[in-house]
Amino acid sequence: MTNKEELRNNYSYIKAVEYDFDFSLLENLISRYTNILIYHAIDKEPAIHNFFFGLKDKNIFFPKVENNFLSFYKAANDSNFKLSGYKILEPVVGEILLDFSNLLIFVPGLFFTLAGKRLGHGMGYYDKFLSKVSNSTKVGVCFNNFILQDLETTSNDVGMDYVFNGKQLFSCK
């Protein structure tokens with residue numbers, strides 16, 4: 001098993017094998033939720049946000065780092081975002097998410113396993129947030145070549161319920 005630091009160091013050398021995502025694989029899952037949390041992609045993360053803007057009767061929220069914690073703000077389109085200090089597009093304005101029950105959360109990461117393990121960028125923002133919303137459904141999103149057999153984790157790492165690589169939706173339960 002490769003450790004987290006080695007994986008993060010080697011991440012920049014891996015080319016993302018990009019392809020079109022089949023979002024129809026998510027229809028059943030999405031239909032069960034009103035509030036959906038997504039992200040703006042950086043580096044080699046799949047850019048999935050445009051698909052969600054087209055959904056009817058769904059509230060779409062994006063993360064913003066505030067006071068060392070993730071807050072999520074509602075957005076109907078790609079306007080009103082600015083580049084953060086981490087070089088991530090964050091919402092400038094919008095309705096803040098206050099009801100943390102019954103959420104569908106799409107989570108970016110560097111690597112995932114089919115058992116739901118996730119390696120993020122190492123700041124811990126998502127793990128801190130996800131540990132507070134354990135009753136929500138978490139979907140790790142990546143390209144296929146970023147799925148590993150196994151991954152070192154700690155007690156602070158929060159697992160995914162599903163991993164979506166654009167071609168398949170894997171249940172980790």
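Guide: Two strands count as paired if DSSP finds at least two bridges between them. By that rule, strand 7 (residues 111–113) pairs with strand 10 in the parallel sense, over 2 bridges. Please note that this is a predicted model.

Visitor: Which residue is the bridge partner of Phe 112 in strand 10?

Guide: The partner of Phe 112 is Ile 147.

Visitor: What is the order of the strands in that open sheet?

Guide: The sheet has 3 strands in the order 8-7-10, with mixed pairing. Strand 8 (118–119) and strand 10 (147–148) are its edge strands, each pairing on one side only.

Visitor: Let us step back. How many helices and strands does the chain have?

Guide: The chain has 4 helices and 12 strands.

Visitor: And why does its radius of gyration agree with a compact globule?

Guide: A compact globule of 173 residues would have a radius of gyration near 16 Å, and the chain has 15 Å, so the two agree. The C-alpha trace spans about 40 × 35 × 30 Å along its principal axes.

Visitor: What share of the residues is buried?

Guide: Of the 173 residues, 47% count as buried. The chain exposes about 9,000 Å², and carbon and sulfur atoms supply 48% of that area.

Visitor: What about contacts between residues 24 or more positions apart?

Guide: Such residues account for 67% of the contacts with a separation of 6 or more.

Visitor: How far apart are the mean positions of the positive and negative charges?

Guide: There are 18 positive and 19 negative charges, and their mean positions are 2 Å apart.

Visitor: Now strand 9. Why is it described as largely enclosed?

Guide: Buried means under 20% relative accessible area. In strand 9, 5 of the 5 residues are buried, so the strand is largely enclosed by the rest of the structure.

Visitor: Which way do its residues point?

Guide: Thr 137, Val 139 and Val 141 point one way from strand 9, while Lys 138 and Gly 140 point the other way. In a regular strand, side chains alternate between the two faces of the sheet.

Visitor: Which strands does strand 9 pair with, and over how many bridges?

Guide: Strand 6 and strand 9 run parallel and are joined by 4 bridges. Strand 11 (residues 162–164) also pairs with strand 9 in the parallel sense, over 3 bridges. On the strand 6 side, Val 107 has Gly 140 as its bridge partner, and on the strand 11 side, Tyr 162 stands opposite Val 139.

Visitor: What packs against strand 9 from helix 4?

Guide: The buried residues of helix 4 pack against several strands, including strand 9 (137–141), strand 6 (103–107) and strand 1 (35–37). Those buried residues are Tyr 125, Tyr 126, Asp 127, Phe 129 and Leu 130.

Visitor: What lies between strand 8 and helix 4?

Guide: A loop lies there, and Gly 122 is found in it.

Visitor: Why does Gly 122 count as partly exposed?

Guide: Its relative accessibility is 48%, so Gly 122 counts as partly exposed. Gly 122 and Ile 42 are 80 residues apart in sequence, and their C-alpha atoms are 14 Å apart in space.

Visitor: One last topic: how do strand 2 and strand 3 run?

Guide: They run antiparallel, joined by 6 bridges. One of the partnerships is between Val 65 and Leu 70 in strand 3.

Visitor: How many residues sit between the strands in that hairpin?

Guide: The hairpin has 2 residues between its strands, and Asn 67 takes a positive phi near 55° there.

Methods
Residues numbered from 1 in each chain as written. Predicted model: local features only at pLDDT ≥ 70, side-chain atom pairs only at ≥ 80, totals over all residues. Heavy atoms only, no water. Rg over C-alpha atoms; globule rule 2.2 N^0.38 Å. Buried < 20%, exposed > 50% of the residue type's maximum accessible area, 1.4 Å probe, protein only. Contact = heavy atoms within 4.5 Å. Areas by Shrake-Rupley, 256 points an atom, 1.4 Å probe, with all protein chains shown as cover. Lys, Arg positive; Asp, Glu negative; His and termini not counted. Charge placed at Lys NZ, Arg CZ, Asp CG, Glu CD.
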